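Got the viewer open? Here is a stop-by-stop tour, with something to select at each stop and a word on what is there.

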Amino acid sequence: MSDAASIQQQVLEIGTRLTSAPSDCLIESAFAWELSHQQHLFEAVGLVDLAHTLSTMELGTIPRQQGVELLRFLLALQDKPDSFKAIPAGGDIYTNREAWLAERTAAVKWLGAGRARREAITSAFVLDVRQRLLRLSETLIMLAETFINRAESDKNTLMPDYTYLQAAQPTTFGHYLLGFTYPLLRDLARLDGLLEKVNRSPMGCGSTNGSRLPQGREQLAELLGFADIIPHARDAMWQADLSIENSALLTACIVNLSRLAEDLQIFSTQEFALLELDDQHARASKIMPQKKNPFALTHIRAIANKMIGLTASVCASARTPSGQPDNRLMIYGELPEGMQLVEQAAALMSETLQRLSFKSDRAYALIGSGWALATDLAEALVQYCDLDFRSAHQLVASLVREYPAHSDLKMDADSVMRMSEKVLGKSITLTDAQLKSALTPEEAIQQRKEAGGTASASLDAMLADCRQQLNVFREKTQANKTFFEYKRQSLLQRAESYIRT
């Protein structure tokens, strides 16, 4: 038996509790699948191992000489040398790393003092998720900035608003976009809240209920930049709810972007012709020369579908007796991948929004070609003619039937007054100037003056509010990013200082 094979047997506990090596079938299926979901945790596992070694060495759990020796090779491994090859036959990422260390130093025997490998991988997963939440936050902040900038530049660009894909009332493209900005700001708030929960250390909890060997839970948290420890040791190892919350957050975020993507895809059709994507966000048809397919938008929608499925999978994996490995083995890989996909989709939406062309002339023509101002006329009749709204609604509905959409310019105040006598049995007084005011899109926009409306002052207030909220998220994200990087560097320097002395 080769030395490498002997080391593999040691780290897999063959010859002690187990009497035979894993079968090829187990290796090629379960071990390979598990390792594929953990490869991205290599660096984070290294940081966790360094913190564990430092803390337990300083507490006397690991003898100083062996601790310093172990730190030396952990730092060498942190650079991921060419000699390190993670293979399914070596087990998970922890035992693959352990095998590399075992080939170089007997001090590796102290690596697991007082902790399960589950603790190391779980802690690494938490560190990895923490960093991904920061990156996602940065990208969502960039996307929100794009929303706000585009909304500001198009705050006076008129278009029909749509409900049920039917022209409803006049709005502006800027006001429309802010309708997706506020959910995005809520996503950022949810993300900030999740980061606070994730930023608690699970380290030093033994298997599930602590260890009689001193671990230094508070010191471990400080070394890795955690705000605090998770109070209960068993809860620290099996926090299924945070992964559910994470996947739900991702789903809420991407569904908001998918709704926008679907709208924009419809608006870009020949039938609507309200906008056109930049060529770099489209894909040509290989059979139909005229086609310019909005591929960026369909990709965002596809990611939304995937995230809905992932949320169901995360929930299902947690719905087991407590303390089961299937609570997390899939999540180690699938959840970080989902976070990356949503981050990429958000960046793609930002770029797409910045470069799409909105056809303002077409949008204005669509307002005038139909009855998008019908509600404004009904409300004007309430203001000017002493009608209750139901009567005004009935009167305008009759006018809509009477006058084809493309012939509404032939309608004058006398026509409206005659229709009132016919439909309501009541005379009203309406001037042509009042009618024109009710059917002028620009005036209709400015009449919506209350908070949240389309009037310029209201829109400016919302833009300022969005920018203020965004600045808070930006400052907090940058502060966290700087702090976590500082703690990472400090940990490495602290380990190196023992080697130099």
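Is Q489 buried, exposed or partly exposed? Select Q489 and show a surface: this residue counts as partly exposed, because its relative accessibility is 30%. Keep in mind as you look around that this is a predicted model. Q489 sits in helix α19, which spans residues 456-500. For a sense of scale, draw a distance from the C-alpha of Q489 to the C-alpha of L348: the two are 141 residues apart along the chain and separated by 32 Å.

**The main core**

Next, select F147, L224, I254, L260, L264, F267 and M349. They belong to the largest nonpolar core, which has 111 residues, and these are the ones that touch the most other members. Now color helix α6, residues 117-153: the largest share of this core, 17 residues, comes from that helix.

Zoom in on F147 and show what surrounds its side chain. Setting aside neighbours within four places in sequence, F147 is in contact with L177, F180, T181, L184, L257, L260 and L353. There is also a second, separate core of 22 residues, and its members include A378, L387, M411 and A438.

**The largest pocket**

Where should you click to find the middle of the largest pocket? Try V11, D92, Y94, T95 and R117, which lie nearest its centre among the 32 lining residues. The pocket holds about 580 Å³ of space. Color α2 (24-36), α5 (93-102), α6 and α12 (329-355), since these are the elements that give two or more residues to the lining. Then color the lining by residue class: you should count 16 nonpolar, 7 polar and 9 charged residues.

**Inside: the cavities**

Rolling a probe the size of a water molecule over the atoms shows where empty space is left. How many cavities of 30 Å³ or more turn up here? The count comes to 2.

Start with the largest cavity, with a volume of about 300 Å³. Select F125, V126, Q239, L242 and S243, the closest to its centre of the 22 residues that line it. Two or more lining residues come from each of α6, α7 (173-198), α9 (233-237), α10 and α12. By class, the lining of the largest cavity divides into 14 nonpolar, 5 polar and 3 charged residues.

Move on to the second largest cavity, where about 70 Å³ of space lies. You can select its whole lining in one go: L134, S137, L188, L191, D192, L195, F473, K476, T477 and N480. Helices α6, α7 and α19 each supply at least two of those residues. The split for the second largest cavity is 5 nonpolar, 3 polar and 2 charged residues.

**Helix α16 and its surroundings**

Select residues 413-423, which form helix α16, and pick out its buried residues: A413, S415, V416, M417, M419 and S420. Look along the helix axis while you do this. An α-helix has 3.6 residues a turn, so residues three or four places apart point the same way. What covers the buried residues of α16 includes α14, α15 and α17 (432-438). Following α16 comes G425, whose phi is positive, near 65°.

**Two backbone oddities**

Which residues other than glycine have a positive phi of about 55°? Select A273, one example, and then D386, another. A273 lies in the loop between α10 (240-267) and β5 (275-276). D386 is found in the loop between α14 (374-385) and α15 (389-402). D386 counts as exposed, because its relative accessibility of 67% is over 50%.

**A last look at the cysteines and Q447**

How many disulfides does a search of the whole structure find? The search finds 0. Compare two cysteines anyway: C25 is exposed, with a relative accessible area of 59%, whereas C385 counts as buried at 9%.

Finish at Q447, in helix α18 (residues 441-447). Q447 is partly exposed, with a relative accessible area of 44%. Draw one more C-alpha to C-alpha distance, this time from Q447 to D376: they are 71 residues apart in sequence and 9.3 Å apart in space.

Definitions and conventions: Residues are numbered from 1 along each chain as its sequence is written. This is a predicted model: local features need pLDDT of at least 70, side-chain atom pairs count only at pLDDT 80 or more; totals for chains, interfaces and linings use all residues. Side-chain values use heavy atoms; hydrogens and water are left out. A disulfide is a pair of cysteine sulfur atoms within 2.5 Å. Buried means under 20% relative accessible area, exposed over 50%, partly exposed in between (1.4 Å probe, protein chains only). A nonpolar core is a set of buried Ala, Val, Leu, Ile, Met, Phe, Trp, Tyr and Cys residues joined through side-chain atoms within 4.5 Å. Helices (H or I, at least four residues) and strands (E, at least two) are DSSP runs, numbered from the N terminus. Contact means heavy atoms within 4.5 Å. On a 1 Å grid over the protein atoms alone, a cavity is a set of points where a 1.4 Å probe fits but cannot get out, and a pocket is an open set with protein on both sides within 12 Å along at least five of seven lines; lining residues have an atom within 4 Å of a point. Grid points are joined across faces, edges and corners, and a volume is the space filled by probe spheres set on the points. Ala, Val, Leu, Ile, Met, Phe, Trp, Tyr, Cys and Pro count as nonpolar, Asp, Glu, Lys and Arg as charged, and the others, Gly among them, as polar.
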